[in-house]
Amino acid sequence: MDLGLVFLALVVFLILLVFFSFVPVGLWISAWAAGVRVPLLTLVAMRLRRVPPAKIIYPLIKATKAGLDVRLDRLEAHYLAGGNVDRVVDALIAADKAGIKLTFDRAAAIDLAGRDVLEAVRVSVNPKVIQTPMVAAVAKDGIQLLATARVTVRANIDRLVGGAGEETIIARVGEGIVTTIGSANSHKEVLENPDRISKTVLEKGLDAGTAFEILSVDIADVDVGKNIGAQLQIDQAEADKKIAQAKAEERRAMAVAAEQENRALVEAMRAKLVEAQAQVPLALAEALKKGNLGVMDYYRLKNIEADTDMRESISRAAKPEGEE
């Protein structure tokens, strides 16, 4: 008899253990104590749908205590879609206390889009400052300026879904800084009035299509960089010098080639002269053979050649030293 009672008590204990582990009775009691009327069967159904009841009920309790009308099935649907229910409810509460119009559908869409909806509400209430990296730009006088800016932005709830992020704001502000400095006639104008950069950037409406609203653009620092204009002139002069040297080398090479061609022509003419001179003895022999030239005529011709050679030798010897 005692063993039967022990066995029965063990069975009852196991049944109760399984029941309380599957049915969140404690959570149901907490919800009822907070004024949230949730049927116990609904919590069991959540278990069957593999939805942790605590992740839905506790945010629902917070929303109810804050005076928000949030439906249980919509919270569960947002969880099943992969959203952060607790974060969405916190954002709705913060927006309600700050007087910002934010519906559950909008908050859920922002959360599912991958943005931190609670942080967006906080930034909408308390604007944040974005520090831009150092931007280098060159004024018309060729002087480079290095500028950094602080951009004060406020989150735009209506454009959080599909709106560009901080990177776009930084890129657009950098572009505005480059444009403003580049349009200045002198870098001194920018140094004297750095606020002209802020005015020009704000007038461009750089927050269009982004998830933020630009409140102000403040130039944090402006430094003078390199003299880019002078450096470009130096580089251009160096390039012109190299081009001129290349052209001069080309002309020199052409002159050397022409000189070599002329020398070759002279040698060719000398070869022709030697060839022609070699034909003279043959012509004389042929003339003697045919009787067109007598022996005495031949000797007179040789005497004339010898006389001519002697005169040339005397003439060369009489020239002063160093003359050709």
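**Helix packing, salt bridges and a buried strand residue**

Helices α2 and α4 are roughly parallel to each other, because an angle under 35 degrees counts as roughly parallel, one over 145 as roughly antiparallel, one from 65 to 115 as roughly perpendicular, and the rest as oblique. The model is a predicted one, in which local features need pLDDT of at least 70, side-chain atom pairs count only at pLDDT 80 or more, and totals for chains, interfaces and linings use all residues. Residues are numbered from 1 along each chain as its sequence is written, and side-chain values use heavy atoms, with hydrogens and water left out.

The axes of α2 (residues 25-33) and α4 (residues 53-65) come within 10 Å and cross at roughly 10 degrees. Here, axes are lines fitted to C-alpha atoms, for helices over the stretch in contact, and angles run from 0 to 180 degrees between N-to-C directions. Helices (H or I, at least four residues) and strands (E, at least two) are DSSP runs, numbered from the N terminus. On the α2 side, L27, S30 and A31 make the contact, and on the α4 side P53, A54, I57, Y58 and I61 do so, contact meaning heavy atoms within 4.5 Å. Sorted by class, this contact has seven nonpolar, one polar and no charged residues; Ala, Val, Leu, Ile, Met, Phe, Trp, Tyr, Cys and Pro count as nonpolar, Asp, Glu, Lys and Arg as charged, and the others, Gly among them, as polar.

A second helix pair is formed by α9 (residues 166-183) and α11 (residues 195-203), with axes that come within 9 Å and cross at roughly 125 degrees. That angle makes α9 oblique to α11. Residues V173, G176, I177, T180 and I181 of α9 meet R196, I197, T200 and V201 of α11. By class, five nonpolar, three polar and one charged residues make up this contact.

Turning to charged pairs, the model has ten salt bridges, each a side-chain nitrogen of Lys or Arg within 4 Å of a carboxyl oxygen of Asp or Glu. One of them pairs R74 with D105, with the closest N and O atoms 2.1 Å apart. R74 lies in helix α5 (residues 72-80) and D105 in helix α7 (residues 104-112), so this bridge ties together parts that are 31 residues apart in sequence. R74 is partly exposed at 27% relative accessibility, on a scale where buried means under 20% relative accessible area, exposed over 50%, and partly exposed in between (1.4 Å probe, protein chains only).

Another salt bridge joins D116 and R87, the closest N and O atoms being 2.9 Å apart. D116 sits in the loop between α7 and α8 (117-125) and R87 in helix α6 (residues 85-98), 29 residues apart. D116 is partly exposed at 34%, as is R87 at 27%.

Between strands, E213 bridges to R154 with closest N and O atoms 3.1 Å apart. E213 belongs to β4 (residues 212-227) and R154 to β3 (residues 143-155), so the pair ties together parts that are 59 residues apart in sequence. Both are partly exposed, E213 at 31% and R154 at 28%. Elsewhere, K62, D86 and D90 are joined into one network by salt bridges that share partners.

Strand β3 also holds L145, which is buried at 0% relative accessible area. Its C-alpha atom is 4.7 Å from that of V224, 79 residues apart along the chain. Beyond neighbours within four places in sequence, the contacts of L145 include V135, A136, I181, H187, V222 and V224.
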